[in-house]
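Trainee: I have the sequence and the model open. Please take me through them point by point.

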Amino acid sequence: MIYAEILAGGKGTRMGNINMPKQFITIDGTPIIIHTIEKFILNDRFEKILIVSPKEWINYTKDIIKKHIGENDRLVVVEGGSDRNESIMSGIHYIEKEFGIEDDDVIVTHDSVRPFLTHRIIEENIDEVLKHGAVDTAIEAVDTILQSKDGEIIDNIPIRDTMFQGQTPQSFHINTLVNHYNALSGDEKTILTDACKICALKGENVKIVKGELFNIKITTPYDLKVAKAILQERISK
Ligand SMILES: Nc1ccn([C@@H]2O[C@H](COP(=O)(O)OP(=O)(O)OP(=O)(O)O)[C@@H](O)[C@H]2O)c(=O)n1
Ligand SMILES: O=P(O)(O)OC[C@@H](O)[C@@H](O)[C@@H](O)CO
């Protein structure tokens, strides 16, 4: 089976002083998370689309889905976890409990706050994850990337042609992801900034799907302004 999991379990602290997690802020009258869910609903290859939300926002999430999308049997709201990867696992536990997990079951995970992903990106994630254990979405680095441990002195300037910037979706054979995650040490878990790193750390080949420059993650108030501009100028169409 092919599942989608939209990650909305975060609080959005870098967005500053807001009265709700950033995924619920509206752009053009529609909450960011709804813009994102709408992209996934359009793809009928997903059996279920899980949305992980903070415990205290579950009812609110269900309410706005009802208001903007209506009843949809494929959408399921699940409680998130203490960090991003724990939220992914929380969705997977739900799948295991409700449906069981077969070796060929795959999951396409995506940040709720990246509403500008395209149909092509979703389709390529599905096609590639059916062939590989793990898939990341990335764009070629435009700037030269500097490496510095102390933020003062440059240690290394890697060859730019080999540098990419990771986005989401990130897609996995569910059992592969769970096995690698469970094999991580506590120290390894602390350095994770995404789920593909779980697989990369454990030697799994992670296939790259081409992302888009406009597939931004809305993290700060600046990103919110950029997101409004992307929508108004129809840059992501
Ligand atoms: N426990 C968590 C933490 C994050 N996320 C989700 O992961 C995505 C990317 O994370 P990020 O942008 O860091 O979101 P927040 O953790 O909400 O932001 P901040 O770090 O500023 O608090 C977001 O859609 C967020 O809701 C999640 O599902 N569960
Ligand atoms: O919470 P952070 O903003 O550090 O990380 C989020 C990331 O995991 C994710 O959105 C992609 O950027 C993956 O590369």
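**From a cis bond to the core**

Trainee: Where is the place of P169?

Mentor: In this predicted model, P169 is not in a helix or a strand but in a loop. Helices (H or I, at least four residues) and strands (E, at least two) are DSSP runs, numbered from the N terminus. The loop that holds P169 runs between β8 (164-166) and β9.

Trainee: What is omega for the peptide bond from T168 to P169?

Mentor: Residues are numbered from 1 along each chain as its sequence is written, while chains are lettered from A and ligands numbered from 1 in the order in which they are written. Local features need pLDDT of at least 70, side-chain atom pairs count only at pLDDT 80 or more, and totals for chains, interfaces and linings use all residues. The bond from T168 to P169 is cis. Its omega is near 15°.

Trainee: How many charged residues are in the shell around ligand 2?

Mentor: T168 is in that shell, along with R84, D111, G166, Q167, T193, D194, K217 and T219. A residue counts as near a molecule if its C-beta atom, placed from the backbone, lies within 6 Å of it. Ala, Val, Leu, Ile, Met, Phe, Trp, Tyr, Cys and Pro count as nonpolar, Asp, Glu, Lys and Arg as charged, and the others, Gly among them, as polar. The split is no nonpolar, 5 polar and, for charged residues, 4.

Trainee: Which residues come nearest to ligand 1?

Mentor: The shell here has 22 residues. By class it holds 5 nonpolar, 11 polar and 6 charged. Those that come nearest are L7, G9, G10, R14 and S87.

Trainee: Which feature does UniProt place at L7?

Mentor: The UniProt entry is unreviewed, and its feature also takes in A8, G9, G10, G81, S82, D83, R84, N85, E86, S87 and S112. UniProt positions follow the numbering used here, feature names are shortened, and annotations may be inferred rather than shown by experiment. The name of the feature is "binding site".

Trainee: Why does L7 count as buried?

Mentor: L7 is in strand β1 (residues 2-7). Setting aside neighbours within four places in sequence, its contacts are V52, R84, S87, I88, T109, H110, D111 and S112; contact means C-beta atoms, placed from the backbone, within 7 Å. A residue is buried with 20 or more other C-beta atoms within 10 Å of its own, exposed with 12 or fewer, and partly exposed in between, with C-beta atoms placed from the backbone. L7 counts as buried because its C-beta neighbours inside 10 Å number 29.

Trainee: How many C-beta neighbours inside 10 Å does A8 have?

Mentor: A8 lies in the loop between β1 and β2 (26-27). Beyond four places in sequence, it touches residues including I33, I51, T61 and S112. A8 counts as buried, and its neighbour count is 28.

Trainee: Which helix gives the largest share of the largest nonpolar core?

Mentor: A nonpolar core is a set of buried Ala, Val, Leu, Ile, Met, Phe, Trp, Tyr and Cys residues joined through C-beta atoms within 7 Å. The largest has 46 residues, with A4, I6, I51, I107, F172 and L177 making the most contacts inside it. Its largest share is 5 residues, from helix α1 (residues 32-41).

Trainee: How wide an arc do the buried residues of α5 cover around the axis?

Mentor: In α5 (residues 174-182), the buried residues are I174, L177, H180 and Y181. They are on the same side of α5 because their arc, taken over directions from the helix axis to the C-beta atoms, is only 140°.

Trainee: Is V178 in helix α5 buried or partly exposed?

Mentor: The C-alpha atoms of V178 and I92 are separated by 8.5 Å, though 86 residues apart along the chain. V178 has 18 other C-beta atoms within 10 Å, so it is partly exposed.

Trainee: What is phi of D28?

Mentor: D28 is found in the loop between β2 and β3 (30-31). It counts as exposed, with 9 C-beta neighbours inside 10 Å. Although D28 is not a glycine, its phi is positive, at about 60°.

Key: Two residues are in contact if their C-beta atoms, placed from the backbone, lie within 7 Å.
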